[in-house]
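Colleague: I am new to this structure and would like to learn how to read its features. Could you take me through some of them slowly?

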Amino acid sequence: MSSNPLPSHAPVVIIGGGIMGCSTLYHLAKMGVSDAVLLERNQLTSGTTWHSAAQVRALRHSRNLTRMIQYSVELYSQLEKETGQAAGWIQKGSLSIATNEDRLTHIKRQQALAKAYGIPAQSISAAEAKERWPMMNAEDVLGAVWSPDDGRVSPSDVCAALVKGAKSLGAKIFEKTGVTAILTENGRVKGVETSQGTVMCDAIALCTGLWSREAGAMAGAEVPLLACEHFYLLTKPVDGISGNTPTLSDHDNHLYIRDDSGGLLVGCFEPMGKPIAPGVLTESFEFGLLPEDWDHFEPMMMNALHRLPALETAEVKMLLNGPESFTPDGTFMLGETAETRGLFLGCGMNSVGVAAGGGAGMNLAHTIIHGAPAYDLSEADAKRFAPIYNSVEHLMARAPEVLGTHYDIAFPGKQFKTARDLRRLPLDAEYRNARAHFGQFYGWERPLYFGKQAEPALKFGRPDWFENVEAEVRAAHENAAIFDASAFGKIEVEGPDAETFLLKTCAGYVGRKPGSVIYTAVLNDRGTFESDITVQRISETHYRLFVGTNAIKRDLTWFRRHSEGFDVRLTDSTETYAVLGLMGPESARIAVEVGAPELNDIGYFKHGEAHIAGHHVRAARLSYVGEAGWEITCRSENVTDIYAALVAAGAKPAGLFAQTSMRVEKGFCAMGHELDSDMTPVDTGLDAMTRKKGGFIGAEALAKKKASGAISKVISLTFEDEIAVPLGHEPVLVGDDILGQTSTCAFGYRVGKPVALAHVEKSLQEGSVVEVDIAGELFRATVTNGPLFDPDGSRMR
């Protein structure tokens with residue numbers, strides 16, 4: 001595209017000329033980086049973008065992903081006016097139909113979410129749905145949700161408009177310029193070698209779509225994604241199609257349907273996709289398609305014939321089979337890699353690249369320039385995957401299932417079935433003997449509940465595991481329960497500057513003497529949460545940090561990147577140590593019975609040493625569940641004996657569902673739920689646990705937040721109706737005003753009611769009543785500003 005020679009240096013090099021690359025280049029230029037360079041080894045859009053069906057549906061499962069696609073909608077609708085280049089934006093809405101009660105609940109939950117996010121959406125009857133899509137067979141349709149603001153674009157035209165806008169601001173695009181090597185030095189990118197010469201740079205945006213895993217490997221970074229085949233049928237003109245139609249989403253039949261050039265486009269996300277092994281799609285795969293596979297598509301074709309009888313006589317133009325890339329959890333990757341500084345990912349779009357591309361490109365540009373996206377996108381963090389997720393074996397098994405879950409009903413407790421048992425806890429055999437039902441977290445199999453009799457049926461009502469979890473909470477509340485925290489990340493911080501380093505990187509009181517336990521926020525320069533952790537000071541020069549299971553790669557990277565200039569050594573000790581939380585009124589007796597009476601002498605937020613079953617342990621007096629006890633750390637190889645001794649003395653294992661229920665009753669916030677990089681400790685009522693004198697990263701921003709008069713936005717809710725089943729993200733209303741949303745929800749077995757934590761935009765009086773919209777039905781709930789269950793009067797962990 002550019003006839004000019006490659007520059008010898010550019011501040012940012014973008015690799016890949018699909019929607020993500022073009023959008024990132026445009027937004028970098030808009031934000032003042034006018035000399036960024038985009039390199040494309042073939043032609044713009046020639047990988048995946050060109051064949052995208054390009055639906056733009058705004059509503060996603062979280063506020064910020066929705067906000068991101070709303071940005072795409074606004075951008076695409078005004079690009080032609082800005083650049084003079086048509087983007088092909090067609091805003092005809094989308095129609096989501098339900099053919100069973102669970103799907104109806106699902107789309108009504110989505111409608112409630114839309115209301116909370118300010119997106120127009122309305123529930124309509126099957127008859128009204130038929131009016132909007134007259135060719136549809138609506139005999140089995142129970143209801144539908146109509147979203148008038150959704151639309152679609154021409155993907156190649158959108159990219160042309162973005163490129164035109166970027167070039168007008170000085171950005172440069174080089175096609176037929178393949179990157180052959182990424183140059184790094186001391187773990188940081190410094191340039192790229194290409195077929196046309198070398199470009200030195202300060203940052204690289206990897207927007208290489210299907211080839212991102214291999215491209216990342218050139219810089220020593222893990223980019224776990226895999227291509228799968230993706231099908232849609234195109235017909236010649238069909239009677240009854242005139243002009244543009246809304247997109248018809250028949251997700252029970254795995255289909256999306258719309259007009260295309262007077263005919264029909266019928267696409268699918270079949271229950272199990274077809275993976276494409278690495279190396280099959282070579283650099284010569286330009287504007288390429290894969291062979292038609294009618295045998296594979298046939299079940300979807302039968303579904304389509306049921307929904308659209310007119311297909312029976314329609315003349316087929318082609319069955320398009322174009323590859324798309326999928327990640328292990330179905331969400332894209334955005335941000336700087338853990339392995340290589342200056343290498344930023346914008347890839348793994350899971351077939352929503354065009355919808356997401358406008359907002360994702362803006363956020364990637366913002367991250368490159370400012371060090372963080374414009375708002376919290378931790379669910380898309382490039383550092384969220386365990387290394388084991390990058391194996392070809394795992395990806396070949398998981399990616400086809402991820403494709404198949406694209407239109408799944410969002411049942412609570414749903415887990416992936418493929419690529420399981422990647423990492424087992426030290427007590428895995430014991431938990432299987434106790435009939436644990438497992439969930440996968442960062443590759444670890446962690447018990448969700450015990451005593452499983454059969455595979456649970458997933459549902460929106462009271463779950464099959466309700467009584468199992470009740471028994472576990474009762475054990476913790478009346479006797480003693482064991483909560484396994486071995487999967488938590490653990491980081492050893494050692495060296496003469498350990499205290500000084502942690503005083504800089506942590507907002508809490510980490511200067512306390514050895515033997516102390518400190519809960520602390522880890523903040524960024526904006527004063528918002530990067531993480532929240534527990535710290536044990538073991539000696540003057542040695543601390544042990546306990547971080548979230550999913551956060552170890554991200555948090556370890558954060559601490560390492562802030563350790564420059566400090567004489568400290570950081571070590572990941574996650575697999576070295578196991579952690580068992582012994583909680584409940586009988587824990588004191590059990591400590592004596594297993595030969596560790598000194599545990600009872602440990603004060604709150606202190607830790608001490610003892611021996612159980614002949615093995616050394618370090619026990620910390622704190623609780624995440626509102627019952628007295630200790631978190632007991634031991635060598636992983638010793639935990640089997642220690643667990644056996646605790647069980648023999650009367651303790652029972654408890655899973656994550658019980659822990660969540662008890663956490664919500666206690667009013668404790670958690671990362672990814674109540675805490676994220678949009679929230680400060682002031683917003684979440686945790687500012688009392690930050691140091692008043694400052695001196696830590698984010699202190700100045702936090703002080704400004706306090707001075708502004710901001711208050712905690714987190715409240716506790718107790719539902720009046722015992723049959724209410726809140727799941728999270730439900731709108732919280734007073735009258736017709738939406739004040740906020742639930743975050744974590746559970747049944748509170750100790751208070752005997754459904755409970756929730758919620759974010760609200762203004763303070764609510766203690767005891768006031770709000771309504772919560774659960775799938776279109778309003779349930780009354782009482783507000784508490786603090787814990788719902790607080791036996792000792794303590795609001796601290």
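**Two helices and a barrel**

Modeller: Helix α2 (residues 63–83) packs against helix α5 (residues 155–168) at an angle of about 55°, and their axes are 10 Å apart. This is a predicted model, in which local features need pLDDT of at least 70, side-chain atom pairs count only at pLDDT 80 or more, and totals for chains, interfaces and linings use all residues. Residues are numbered from 1 along each chain as its sequence is written, and side-chain values use heavy atoms, with hydrogens and water left out.

Colleague: How are α2 and α5 oriented to each other, oblique or parallel?

Modeller: Two packed helices are described by the angle between their axes and the distance between the axes. Axes are lines fitted to C-alpha atoms, for helices over the stretch in contact, and angles run from 0 to 180 degrees between N-to-C directions. Angles under 35 degrees count as roughly parallel, over 145 as roughly antiparallel, 65 to 115 as roughly perpendicular and the rest as oblique; α2 and α5 are therefore oblique to each other.

Colleague: Which residues in α2 and α5 meet?

Modeller: With contact meaning heavy atoms within 4.5 Å, L75, Y76, L79 and T83 in α2 meet V158, A161, L162, K164 and G165 in α5.

Colleague: Which strands form the closed barrel?

Modeller: Strands of a sheet pair through backbone hydrogen bonds, either parallel or antiparallel. Helices (H or I, at least four residues) and strands (E, at least two) are DSSP runs, numbered from the N terminus, and two strands pair if DSSP finds at least two bridges between them. Here six strands, in the order β34-β37-β36-β35-β38-β39, make a closed barrel with antiparallel pairing. Strands β34 (residues 714–719) and β39 (residues 777–784) pair in the antiparallel sense over four bridges, and T718 stands opposite T782 in β39.
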